[in-house]
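Me: Please take a close look at one part of this model for me. Start at a single point and work outward from there. Short sentences are fine.

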Amino acid sequence: MHVVIMGCGRVGSSLATDLEAAGHTVAVIDQAREAFRRLGPNFKGKTVTGVGFDRDVLREAGIQDADAFAAVSNGDNSNILAARVARETYGVQNVVARIYDPGRAEIYQRLGIPTVATVLWATDQIMRRLLPEGSRSEWRDASGTVQLCEMHPHNDWYGRQILLIDELTPARVAFITRLGVGLIPDEHTVLQQGDLIHVMVSDEDIAKTEEILANSPDGERQ
């Protein structure tokens, strides 16, 4: 894959070096040339100085050939604008924008731009470490034996009927959140990229459900 990253702060530089180590080509955009020092001397990708939503800058970074685009600068407005240009002008399928303001993140999610709300993400990560659940628990029954959990599947689950989750795991899909709106699925609902999946599952089956969803459904069917 070729990945374009806007922002060479701590997140952007770490993301760039990790992607390059995984065998992908990377181009990093930042307004400050000195920011590229964070990439270290062994970085072999491309660095472009400029504004990340400027089309000439994006083309210099190879956006026309990009498989993915991440907007992780310090500006919410810049991130969302760049993400929309990457998706709507250049047709990049895998786009994500980092957003600091949780309220804005929800709005942009509804516009179809996947976001990482930094504050919400950090809170969730801390909660996961404070509590024993491996999933994000959203509700628990009075007896403490059944939970409503948000689950994150392997990419191969996308494009499949969502009720396949009911068939292959001990969990039952309660609803999905699509573009910020709740949706109760039926037998015709197909899981799409960006969907958040909320399942009802017993405490004793959470680990098994996570394990199954972490892998391709094709392997479970064999």
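Reply:
**The end of a helix and its surroundings**

Gly91 comes after helix α3 and has a positive phi, near 70°. The model is predicted, so read every value here as computed from that prediction.

Look back along the helix first. Helix α3 covers residues 76-89, which makes 14 residues. From first C-alpha to last, α3 reaches 19 Å, close to the 20 Å expected at 1.5 Å a residue.

Which residues of α3 are buried? They are Asp76, Asn79, Ile80, Ala82, Ala83, Val85 and Ala86. When reading that list, recall a general point about helices. An α-helix has 3.6 residues a turn, so residues three or four places apart point the same way.

Now go back to Gly91 and look across the chain. Gln64 is 27 residues from Gly91 in sequence, with 8.3 Å between their C-alpha atoms. Gln64 sits in the loop between α2 (55-60) and β4. Gln64 counts as partly exposed because its relative accessible area is 46%, and that class runs from 20% to 50%.

That loop leads on to strand β4, residues 68-71, where Ala68 is found. Is Ala68 buried or exposed? Ala68 is buried, because its relative accessible area is 10%, under the 20% cut-off. Ala68 also brings us back to helix α3. Its C-alpha is 9.3 Å from that of Arg87, 19 residues along the chain.

What does Ala68 touch beyond four places in sequence? Its contacts are Met1, His2, Val3, Val4, Val92 and Asn94. Among them, His2, Val3 and Val4 belong to strand β1. Follow that lead next.

**Strand β1**

Strand β1 spans residues 2-6. Five of its five residues are buried, so β1 is largely enclosed by the rest of the structure. Both faces are covered. One side carries His2, Val4 and Met6, and the other carries Val3 and Ile5. The general pattern fits here: in a regular strand the side chains alternate between the two faces of the sheet.

β1 runs parallel to strand β2, residues 25-30, and five bridges join the two. Within that pairing, Ile5 has Val28 of β2 as its bridge partner.

**Cysteines**

Cys8 is buried, since its relative accessibility is 0%. Cys149 is buried as well, because its relative accessible area is 0%. How many disulfides does the model contain? The count is zero, taking a disulfide as a pair of cysteine sulfur atoms within 2.5 Å.

**Strands β8, β9 and β11**

Strand β8 covers residues 146-151. Five of its six residues are buried, so β8 is largely enclosed by the rest of the structure. β8 runs antiparallel to strand β11, residues 196-202, with six bridges between them. Met151 stands opposite Ile197 of β11.

Strand β9, residues 172-178, holds Thr177. Thr177 counts as buried because its relative accessibility is 16%. What lies around Thr177, past its neighbours within four places in sequence? Gly182, Gly194, Asp195, Leu196 and His198 are in contact with Thr177. With His198 there is also a polar contact: the two side chains meet at 2.8 Å.

Arg172 is found in β9 as well. Arg172 is partly exposed, because its relative accessible area is 44%. Leaving out residues up to four places away, Arg172 touches Asp166, His198, Val199 and Met200. Its C-alpha is 5.3 Å from that of Met200, 28 residues away in sequence. The Arg172 side chain also reaches the backbone oxygen of Thr169, at 3.5 Å. His198 therefore appears in the contacts of Thr177 and in those of Arg172, with Thr177 buried and Arg172 partly exposed.

**The whole chain**

Step back for the wider view. The protein chain has eight helices and 11 strands. Of its 222 residues, 41% are buried. Take the contacts between residues at least 6 apart in sequence: 55% of them join residues at least 24 apart. The pair Arg172 and Met200, 28 residues apart, illustrates that kind of separation. The accessible surface of the chain comes to about 12100 Å², and carbon and sulfur atoms account for 51% of it.

Definitions and conventions. Residues numbered from 1 in each chain as written. Predicted model: local features only at pLDDT ≥ 70, side-chain atom pairs only at ≥ 80, totals over all residues. Heavy atoms only, no water. Buried < 20%, exposed > 50% of the residue type's maximum accessible area, 1.4 Å probe, protein only. Helix = DSSP H or I, 4+ residues; strand = E, 2+ residues; numbered from the N terminus. Polar contact = N/O pair within 3.5 Å; in protein donor to acceptor, adjacent residues only side chain to side chain. Contact = heavy atoms within 4.5 Å. Pairing = 2+ DSSP bridges. Expected span 1.5 Å × (residues − 1). Areas by Shrake-Rupley, 256 points an atom, 1.4 Å probe, with all protein chains shown as cover.
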